[in-house]
Amino acid sequence: MMLGSEEKISQGRLLAVQYGILVIFLTLGFGLWRLQVMGSDRYGLLAERNRIRTIPILAPRGKILDREGRILVDNYPSFSALLLREQPTTDEDLVKIASGLNLTPEQVRERMRKVAGAARFQPVILKDDITPDELAFIDSHRNELPQLDTIVVHRRLYPRDGFAAHLIGYVGEVSEEMLNQPKYELYAPGDVVGRSGVEQSYNAMLMGTDGSRRVLVNSRGKEEGRLDEKPAQPGKQLRLTIDLDLQIAAEQALEGHNGAVVALDPRSGEVLALASRPTFDPNHFAVHISRDEWNALLTDPGKPLLNKAIQAQLPPGSVFKIIMSVAGLEEGVAQTLVVNCAGGKNFYGRFFKCHSVHGGGVEITRAIPQSCDTFFYTLAERLGISRIAKYAMALGLGQRTGIDLPQEVAGVMPSEEWKARTFRQKWYAGETISVGIGQGAVTTTPIQLAYAIGGIASGGVLRRPHVAFPQDLPPEMRPVSEAGSERRVPIDPKNWELITDAMANVTQPGGTAASAHLEGVDFAGKTGSAQVVSNEAKQKHGLSGAQYKDNGWFVGVAPRRNPEIVVCILVEQGEHGTMAARLVAQVVKAYVEKRRGHPTKLARQGSASSSVEVAAVWEEPGAAPGEGGKLGGGRFRVPVSRSRARAAAPQGAP
Amino acid sequence: MRRFLSYRDFDWLLLGFILLICALGVLEVYSTTFSTRFAGMHMKQTYWILVGLGLMFAVSLVDYHSLLERSHWLWIASVLALVAVLIIGHKVLGARRWIGLPGGIHFQPSEWVKLVVILALARYYHEMKQREATLADIAKTGLIAGIPMLLVLAQPDLGTALTYVPIFGMALFLGGLRLKHAVALGLLACAVGAGGWLFVLKDYQKERVHTFLNPESDPQGKGYQIQQALIAVGSGGIWGKGLTKGTQTQGEFLPMTHTDFAFASFAEEQGFVGACGVLLLYFVVLARLIQNAQTAPDRAGTFTVMGVVAVLAFHVLVNVGMVVRFMPVTGIPLPLMSYGGSSVLFMFLALGIVMNIRMRRFVN
């Protein structure tokens, strides 16, 4: 044997190795203890989060109905592409996803950036209303791109062609600015909320509570089982005070014009119809609107996004003479006032023009139907701005009516205090004269005029306009107090009769709106035309384009006293109140005919034309969920309203 | 002289503990693979263990002295095999580690070479006359272990190459390394480490170290394995989730559950109690091996057994250390538990030599 030294190895060194190994094992044991005993809760949670994926079940928004339960806004199912974010998406995948969904990679990145703040386990909707091709792309790439999924979304289906668009509004993703406001603090980025109209003001009611489905997934995002499901709670449906038949009449009355129309029931404040022109199609907002389309809407000089019924602030023109009449009669000035109209009159060294020569002996009973400016200049001079402002303010001018629609504006009712506050200037007596015919600094909204004139015709009782029935609303959404919804202005019955009779003469031969006369209907009202720029300015600067034409107004009531309906119309560049009056007459006529049991336009048309065509894709029934079953697709019509075979029950004429 | 050999002197107790570890390993391989494309791996593992047992008994019959005598030839053959791997080896994931043999068997020489290095060093120190290792001894030890190690490193296989370090260290330590030399070696190792980091290590290897230091920095990318292993082990808690019930393991969040991360799967499904039990088994095995080293008939026997101790302890330290985040991910399997034929055969071969030495402890 080649054995050399038989020297034994130092036992001390072997023992040292033994102890070294002991130390190593104790260290490893400590490592296990740290993770499995100390950290078991934390890691247990991480393990759960790893394998449980929460997929939202989106709650459909509540339907919006008219006062008779006819559907104004419905939902239709559509597919959205969903991006799950537990695993990061590589740039390579992102490009694939973008091309499959017909997006640019930048759009996808932008989308992901926007929701970067949301919790990681919350999926993001990448694209709404995907086409069958895009759906097929997602289905065929389930293995390569497990982070892509689809979700059924109940998309808003609005009446087409912008019908009632301003009233209804539209929905959109909650914006970053909105999320910073306290009332939106419960919402998460990506939530779809009402952005305008009743969709906004009753969002909390219309919006349901999303549910969720928890599924077990493996590391590649493949679904391995279902854990539990929290069903979505659909939003509550909202019945509006709007009468679809009247809304149709209002929309048709405005066709071809720019402006707004609003019809109220002055007995309750219920809004029966509300339309604004030009309009927009909110269906384009239900899916992501293109930037170009959005910019076009924003820059359109007709301001299609503005709800002019509550947001246009313009001088009311001669409609203001009714307010002047209330002030003049209640103050005891107008009864005895008789003026000689020679086509105008000098006040404070300046000539104020009347639109025609009304001759001598013009009293209030003639001044209202013929809209004599000279009479009201004189009345304004006698009353002074303080007394005018007192009555106008009492009748709600220069203030919001408090209608349950967002972004109502207040208008301006000038007074000495107002001028001092706003311009730090003294009120000039000459300014009062213009205010007398609703010019100068006075501006009102259509809803304000309907509210004020409807209140005057109702004997001084003004009821806050609203589009939702308070009794239908959940308690927390009801108006704070019933008292706040009513405003009383004492008007002497004699004066009330005088004014309403004079208003009735407006639509009689000799009145300014004789051509709007409705045979067999007690239709009263007041025309107005308001200058956009003064006549002097027109002459001085040679302005003659359509944009400088006067705005036409008409506020009509039926019947003349304690009316059931008040309709206010603003026709931009409508020149005269006469044409405006004829448009109001159409709406009033529709109302009266419906009350008398004539078949409405809707009933005559049948259901076919009041439906909307939509495109959609769906999974064919029979396929198990998640198997990517056969897809169907196509276009179909969804009824917007049910046709009513309305019995022509004879009803007494109002 | 003829020696009388008896299987009474065979270390049945050690074998019992080894087989217990193997059984737990097979169970875990079953649990981690039964629902995957690797289903049936536990049977393969069982076959490897049976083959390993046969090999062990066979090796225990051949006198280890005859192996020692031929250790220089074995060493030369090993170096040639490693060179061959570099030239004709199968390239998998950018590394040449395997040689394909007829019959579809993949042969990984770097595992066996460890054993050859152990034997070669045992012989070297056996023949050493003085009590303390000189600088020349250190240099020669370094060459015996270093040349194969560099060849393995060139494959590149950092993990396996590192397993040569404890063999080298153990030999020097038992061979009477002096403190000042140890300090100098430590400094040299640091210098080599720094140089290696700058000039030799591949980017993916550097990333592993980076990821080890900061697994949360990129939990979905490079740190994924570490993070998932931590979650698996931590979520196992004290009692574990039960065999085949580990969500991390079964949901495939944890990678390489039946090979490198077998211990993490085991810790998830069997909990702190099970994991500590396995550690205890390894500790008992190591203690028993050291005892065998003490009773070995000669220096060569002691050195050989302690070489095996060094390899086994190092594997456990690095693999379990990786799972509990004390060590970076190196791809070193846990001996006897991780699936893998080469690893199992190596362990049983080494065990055969240990038995061989033990059976001859009363001879002479």
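# Exercises on a predicted two-chain model

An open sheet in chain A has three strands in the order S1-S8-S9, paired antiparallel. The model is predicted. Work through the tasks below with the structure in view.

## Exercise 1: The three-stranded sheet

Find the edge strands of the sheet S1-S8-S9 in chain A, then describe how S1(A) is joined to S8(A).

Solution.
- Step 1. Read the strand order: S1, then S8, then S9.
- Step 2. Look for strands that pair on one side only. These are S1 (52-57) and S9 (223-230) of chain A, so they are the edge strands.
- Step 3. Check the twist. Neighbouring strands are turned against each other by 25 degrees on average, direction ignored.
- Step 4. Go to S1(A) and S8(A), residues 211-217. Six bridges join these antiparallel strands.
- Step 5. Pick out one facing pair. A:Ile52 stands opposite A:Leu216 in S8(A).

## Exercise 2: Chain A as a whole

How many helices and strands does chain A have, and what share of its residues counts as buried?

Solution.
- Step 1. Count the elements. Chain A holds 23 helices and 23 strands.
- Step 2. Turn to burial. Of the 654 residues in chain A, 44% count as buried.
- Step 3. Add the contacts. Take those in chain A between residues at least 6 apart in sequence; 74% of them join residues at least 24 apart.

## Exercise 3: Where the chains touch

Which helix of chain A gives the largest share of the side that touches chain B?

Solution.
- Step 1. Set out the contact. It involves 39 residues of chain A and 45 residues of chain B.
- Step 2. Find the helices on the chain A side. H1 (11-38) and H2 (40-51) each supply at least two residues.
- Step 3. Name the main contributor. H1(A) gives the largest share, 17 residues.
- Step 4. Sort the chain A side by type. It has 18 nonpolar, 15 polar and six charged residues.

## Exercise 4: Cis bonds and positive phi

Locate the cis peptide bonds before A:Pro278 and A:Pro559. Then decide whether A:Asp161 and A:Ser371 are buried or exposed.

Solution.
- Step 1. Recall the background. Most residues other than glycine have a negative phi, and most peptide bonds are trans.
- Step 2. Take A:Pro278. A cis bond joins A:Arg277 to this proline, with omega about -5 degrees. A:Pro278 sits in the loop between S12 (270-277) and H11 (283-286) of chain A.
- Step 3. Take A:Pro559. The bond from A:Ala558 is cis, with omega near -10 degrees. The loop here runs between S20 (551-558) and S21 (565-572) of chain A.
- Step 4. Take A:Asp161. Its phi is positive, near 60 degrees. Its loop lies between S5 (148-157) and H6 (165-168) of chain A. Because 12 other C-beta atoms lie within 10 Å, A:Asp161 is exposed.
- Step 5. Take A:Ser371. Its phi is positive too, about 55 degrees. The residue is in the loop between H15 (364-370) and H16 (373-394) of chain A. Because 27 other C-beta atoms lie within 10 Å, A:Ser371 is buried.

## Exercise 5: A helix pair in chain B

How do H1(B) and H2(B) cross, and which residues meet?

Solution.
- Step 1. Place the axes. H1 (residues 12-33) and H2 (residues 41-61) of chain B come within 8 Å and cross at roughly 155 degrees.
- Step 2. Apply the cut-off. Angles over 145 degrees count as roughly antiparallel, so H1(B) and H2(B) are roughly antiparallel.
- Step 3. State the hand. The crossing of H1(B) and H2(B) is right-handed.
- Step 4. List contacts. On H1(B) they include B:Cys22, B:Gly25 and B:Val26; on H2(B), B:Met41 and B:His42 are among them.
- Step 5. Sort by type. The contact has six nonpolar residues, five polar and no charged.

Conventions:
Residues numbered from 1 in each chain as written. Chains lettered and ligands numbered in written order. Predicted model: local features only at pLDDT ≥ 70, side-chain atom pairs only at ≥ 80, totals over all residues. Contact = placed C-beta atoms within 7 Å. Helix = DSSP H or I, 4+ residues; strand = E, 2+ residues; numbered from the N terminus. Nonpolar A, V, L, I, M, F, W, Y, C, P; charged D, E, K, R; others polar. Pairing = 2+ DSSP bridges. Axes fitted to C-alpha atoms, helices over the stretch in contact; angles between N-to-C directions. Buried ≥ 20, exposed ≤ 12 C-beta atoms within 10 Å, placed from the backbone. Parallel < 35°, antiparallel > 145°, perpendicular 65-115°, else oblique. Left-handed = near helix turned anticlockwise from the far one by under 90°.
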